[in-house]
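The following note is offered to a colleague who has the sequence and coordinates to hand. It is arranged as numbered points for checking against the structure.

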Amino acid sequence: MPTGDLFQLLNLAPDADLPAIDNAYRQLTRRLSRSAVPEAAVESRRIQAAYEILRDPARRTAYLSATPPPPPPFLATLYASRTQLPIQSEAQIVYALIEIGAVGESAQAPAPAANLCLVIDRSTSMNGARLDQAKAGVNAIIDGLRSQDTCSVIVFSDRAEAVVTAHKMTDEQRRLARSKVSTIRAGGGTEIMRGLMRGLFELNGQLNNKTISQLVLLTDGQTYGDEVECQLLAALARADGITVHGLGIGDEWNDKFLDQLAAATGGAVDLALTPEQVAEFLRKRLNILSDLAAERVHLDIIPDAGVELVEAFRFTPEPSPLAIPPHELALGQLPRSERISVLLKFRLYVEEEGRCPIARIAIIGDTAGPGARRARLTLELEANGVAQNITPEPPAPIVAALRR
């Protein structure tokens, strides 16, 4: 059975009759068959499965009489920059702003345990103040971990090793971890792939549905010759539900590379020039875990025929460009106290009057903590084709996002 409510999947009210179900199915399958993105075929299979249940009286009765699926742990608001599009031969741009917030039990759920790996660049260029900053920040985060949290510390240059293997942070383990971190010394080249691989190995040993897994990479430079391998590791991390964050120390690190690495998993990237900034970045990673409503949140975006998703940017909780393609955009964790806000830019052509569907957007995520379950919410972005050019002021949230 598809994730989420079957009526919502077909854009229907729960009391929809059979003719309405048939009509919704025909419209959606026609749209999806014309879409050029691979995700459309997957969505079409979901629609088919939902339709087969709802069109069969016995199966529909059984579905309606069963315990209803829990509502998603989030709600979303969709704003479009334009809802009236003139008919013309030139391409037009439409912006869409999606704001996702926690609701219901997710807003009061207990904080899940952390499965955290800190990966530290100890190459020669980190010698001195930069490595001292990293070590001070790591020790500060170790002090802030709870007894149910698991932590490991990896160092890398042209090879990688575990300074602290994955352990629960008891008082004794905390003291031992701090002692081992103090022994880290600089030397060697910079091969980020080695650090990522060793860090993911530590995290994978502790993966389960009761913990939130994050890898934080601290580096001051650029990796050499292994960027593609690093991106592959980020893709594997995402498949395992691991979020990768990056912290650039100093002013010579490759911000584009770290942005791409983090964006693949819904992570964040920041700059640190002082030990306090290192500690603050790491502390924020930990604070988000104690304020979590949903994890592995992502958007599945299926543009309609003739529509192209051009750009995507997450404004909150932490500003970050989102990598496209693919059309599955990783957003990371949803805090209880802050919304996820994403701006999408579409390019399209309008050739006739009437309803103009632009994209089908699914918000998918897992509830945080014990008993995690997958939830889905579907949104439809559309406009109307009109004969004359109407240019009303865009909604205030869209204007504010574009100004940022």
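The points below cover the nonpolar cores, a helix pair, a buried serine and some backbone features.

1. The model is predicted, and the remarks that follow should be read accordingly. Its largest nonpolar core comprises 35 residues. L299, L344 and F346 are the residues with the most contacts inside this core. At least two core residues are supplied by each of β1 (74-80), β3 (88-102), β10 (292-303), β11 (308-316), β13 (328-335), β14 (340-350), β15 (354-367) and β16 (374-386). Strand β14 provides the largest share, six residues.

2. The surroundings of L299 merit inspection. Once neighbours within four places in sequence are set aside, L299 is in contact with I98, I100, H327, E328, L329, L331, V342, I361, A362 and I363. Apart from the core described above lies another, of 34 residues, which includes I120, I212, A272 and L286. In soluble globular proteins, nonpolar side chains tend to be buried together.

3. Helices α2 (residues 18-34) and α3 (residues 39-55) form a pair whose axes come within 10 Å and cross at roughly 165°. Because angles over 145 degrees count as roughly antiparallel, α2 and α3 are roughly antiparallel to each other. Their crossing is left-handed. From α2, the residues L18, I21, D22, Y25, L28, T29 and L32 meet A40, E43, S44, I47, Q48, Y51, L54 and R55 of α3. This contact is made up of nine nonpolar, three polar and three charged residues.

4. S152 lies in strand β5 (residues 150-156). With a relative accessibility of 1%, S152 counts as buried, because the cut-off for that class is under 20%. Leaving out residues up to four places away in sequence, S152 touches L116, C117, L118, V164, T165, A166 and E202.

5. Three places in the backbone deserve a closer look. Most residues other than glycine have a negative phi, and most peptide bonds are trans. The peptide bond from T316 to P317, however, is cis, with omega near 5°. P317 is located in the loop between β11 and β12 (320-321).

6. N11, which is not a glycine, has a positive phi of about 60°. N11 is placed in the loop between α1 (6-9) and α2, and at 38% relative accessibility N11 counts as partly exposed.

7. R296 likewise has a positive phi, near 50°, but this residue is found in strand β10. Its relative accessibility of 27% makes R296 partly exposed. Strand β10 is also one of the strands supplying at least two residues of the largest nonpolar core.

Key. Residues are numbered from 1 along each chain as its sequence is written. This is a predicted model: local features need pLDDT of at least 70, side-chain atom pairs count only at pLDDT 80 or more; totals for chains, interfaces and linings use all residues. Side-chain values use heavy atoms; hydrogens and water are left out. A nonpolar core is a set of buried Ala, Val, Leu, Ile, Met, Phe, Trp, Tyr and Cys residues joined through side-chain atoms within 4.5 Å. Buried means under 20% relative accessible area, exposed over 50%, partly exposed in between (1.4 Å probe, protein chains only). Helices (H or I, at least four residues) and strands (E, at least two) are DSSP runs, numbered from the N terminus. Contact means heavy atoms within 4.5 Å. Axes are lines fitted to C-alpha atoms, for helices over the stretch in contact, and angles run from 0 to 180 degrees between N-to-C directions. Angles under 35 degrees count as roughly parallel, over 145 as roughly antiparallel, 65 to 115 as roughly perpendicular and the rest as oblique. A crossing is left-handed if the near helix is turned anticlockwise from the far one by less than a right angle, and right-handed if clockwise. Ala, Val, Leu, Ile, Met, Phe, Trp, Tyr, Cys and Pro count as nonpolar, Asp, Glu, Lys and Arg as charged, and the others, Gly among them, as polar.
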